[in-house]
Every structure is written in C-alpha cells, then in structure tokens.
Amino acid sequence: MSRESTLIVGSYLSPYVRKVLVCLDLKGIEYLIDPLVPFYGKDAFTDVSPLRRVPVLIDDQGPQCDSTVICEYLEDRYPEPHIYPPGARQRARARWLEEFADTRMGEAFIWHLYNELIIRRYVWGETPDAGVIAQALTEEIPGIMDYLESGLPQAGYLFGEIGVADISIASFFRNAAFARHTVDAGRWPVTADFVARVLDHQSFSKLRVFEELSLRTPIHDHRKALAAAGAPVSPETYAGSAPRRGVLSV
Ligand SMILES: N[C@@H](CCC(=O)N[C@@H](CS)C(=O)NCC(=O)O)C(=O)O
C-alpha cells in the first residue's frame, strides 16, 4: 500500500500507537501519521473514534479503532511477515500477553504513572496525585514485573520472531521511561534484558527521535516539529484547540 493510503491517528507518545507503528513497520506498510494527543481531538475525531482514543487506522476500508483490532486487521490483510505465532495454543498465549499488557500494564504504567506525571500536568495543568503514583510504584508495577519475570524468555523473543506480544509488553516500558521509571534489573533481570532487547529492535528504535521530540515540544507544536524532523505527518489533522475529558476513565 502506498504511504498516502494508510493514516494513523495518534501521538508517538502513546504505547498503543507505538505498538501499531512497530507492526506496520515490520510488515513494510508505509503510512502517514496525524500525531494527535487524543484529548485534543475535534468533533470529527469522535466520528472515527467513538471512544475518542488513539490509535485509529484509516485506509481504503475506513477507520479501525483499538490497537488490538488494528494489529489483527493488519495480520488478516497483510499476513506476511506474521506478527502472531502459528497454532491455536501459541496464538491464544500471544493474545493473552497482548491483553495483559494493554489492560493491566496500561492501567499501571499509563493511567497511574504516565497520566499522573505527564498528562495531568501538561494537558490539564493539575498536580499529580502522589497516592496514585505511590500505589503504582509499590504494588501494581512490582506485581506486573513478577508476572512478566516468570514468563518472558531469557533470550530472543516470545514466539521465535518478534511479534505482537513482545511489542505490546515492551511498548509500555517506553512510557515508563518517559515518566523516569526504569526496570530494577537486579530484581527482574530477565524482564530488564527482554525489554532492552525488544526496544533495541530497529522498528522501535527508529521511532525514538520522534518520541523524544514530542516529549520536549509543546503539544500544539507537535505536527510542525515532527514534520520538520522528517516524520510522515499527514496534511490534515483531527486536532482541535482545547482539550476535553475522555469518554472512559480508565
Ligand atoms: N484499548 C485501546 C486503548 C487505547 C488508549 O487508551 N489510548 C489512550 C492513549 S495512550 C487514549 O486515547 N486515551 C484518551 C482517553 O482515554 O480519553 C487500544 O488498545 O488501542
């Protein structure tokens, strides 16, 4: 597909958008990106994303919402190279780990850490809730890390080639790093190595320059700065000027 025919709506700072961008790259699908911070979506954003969440993929088949739906759509439409493993059992395991990452890691790493420290401050101008952050750091994240440590491989990826389960898990650690949280490699050495290995894959590492630029640039200047840095920014945007609260709370 040509670059012009696939549009991704969503910021380089979202772990769910990152997951889709890495999968697109692995499959060799070019795309344009509207790097929308979802709270700034104008009315037309609701038409393509009823929950007002990113990512959204829009192509000749219309809009698709939700990173899991999008990755499965990509796998169905462009099977090679595969991002889900073969066989019912392994596929189910990969989907479970993707779900664990998107739901449980999303809750702790995004809503209770990144959202408190970054979104609350820079989108809403509010003070982070120290209690929510402490609970994430002392209870939620250690529980997640213990679970990952017992199931991740000591070398390579989860199911042979890199795939959606590796990508979904590793993606959240980028946002943890944006919130200045790093894995305690002494306590969770397998997970620390795994995350470093996956994030080092070129489909992740090529996004770094755009992530770091987004982090240090005021939200309204993201499009201009990213286009100047060579990101494939779309000519049109779903962004409006004022932020509004999301549809769901987590
Ligand atoms: N299950 C969704 C979660 C997407 C999601 O929560 N995206 C966040 C950005 S990291 C968002 O759009 N938040 C805005 C909101 O919830 O109002 C997926 O996998 O795509």
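Okay, let's go straight to the ligand. In this predicted model, 13 residues surround the ligand, and the closest are Y16, R53, V54, D66 and S67. Keep those five names in mind, since some of them come back later.

What kinds of residues make up that shell, by class? Seven are nonpolar, three are polar and three are charged.

Now for the oxygen atoms of the ligand. If you zoom in on S67, you'll find a ligand oxygen 2.6 Å from an N or O atom in the side chain of S67. Turn to R53, and there's an oxygen atom of the ligand 2.7 Å from a side-chain N or O atom of R53. V54 does it with its backbone: a polar backbone atom of V54 lies 2.9 Å from an oxygen of the ligand. So how much of the ligand's accessible area does the protein cover? On its own the ligand has 510 Å² of accessible area, and the protein covers 88% of that. And if you're wondering about pockets, the space taken by the ligand is the largest pocket.

Let's stay around V54 for a moment, and look at the backbone. V54 and P55 are joined by a cis peptide bond, with omega at about 5 degrees. P55 sits in the loop that runs between α2, residues 43-48, and β3, residues 56-59. R52 is in the loop between α2 and β3 too, and R52 has something odd going on: its phi is positive, about 55 degrees, although R52 is not a glycine. Is R52 buried or exposed? R52 has a relative accessible area of 8%, under the 20% cut-off, so it counts as buried.

Back to D66, one of the closest residues to the ligand. D66 has a positive phi as well, near 85 degrees, and again this is a residue other than glycine. You'll find D66 in the loop between β4, residues 62-65, and α3. With a relative accessible area of 42%, D66 is partly exposed, because that value falls between the 20% and 50% limits.

There's another cis peptide bond to show you. This one goes from E80 to P81, with omega near -10 degrees. P81 belongs to the loop between α3, residues 67-77, and α4, residues 88-122.

That brings us to helix α4, where Y114 has its place. Y114 has 6% relative accessibility, so it counts as buried. Which residue should you look for next to that one? Try N175: the C-alpha atoms of Y114 and N175 are separated by 6.6 Å, though the two are 61 residues apart along the chain.

Last stop, S249. Where is S249 found? Look in the segment after α10, which covers residues 222-228. S249 has a relative accessible area of 64%, which is over 50%, so it counts as exposed. How far apart are S249 and W111 in space, C-alpha to C-alpha? The distance is 9.0 Å, and in sequence S249 and W111 are 138 residues apart.

So, if you open the model yourself, start with S67, R53 and the backbone of V54 around the ligand oxygens. Then follow the chain on to the cis bond between V54 and P55.

Key:
Residues are numbered from 1 along each chain as its sequence is written. This is a predicted model: local features need pLDDT of at least 70, side-chain atom pairs count only at pLDDT 80 or more; totals for chains, interfaces and linings use all residues. Side-chain values use heavy atoms; hydrogens and water are left out. A residue is near a molecule or strand if one of its heavy atoms lies within 4 Å of it. A polar contact is a pair of N or O atoms within 3.5 Å; within protein, one must be able to donate a hydrogen and the other to accept it, and residues adjacent in sequence count only if both atoms are side-chain atoms. Accessible areas come from the Shrake-Rupley method with a 1.4 Å probe; for residues, only the protein chains shown count as cover. On a 1 Å grid over the protein atoms alone, a cavity is a set of points where a 1.4 Å probe fits but cannot get out, and a pocket is an open set with protein on both sides within 12 Å along at least five of seven lines; lining residues have an atom within 4 Å of a point. A molecule sits in a cavity or pocket if more than half of its atoms lie within 2 Å of its grid points. Ala, Val, Leu, Ile, Met, Phe, Trp, Tyr, Cys and Pro count as nonpolar, Asp, Glu, Lys and Arg as charged, and the others, Gly among them, as polar. Helices (H or I, at least four residues) and strands (E, at least two) are DSSP runs, numbered from the N terminus. Buried means under 20% relative accessible area, exposed over 50%, partly exposed in between (1.4 Å probe, protein chains only).
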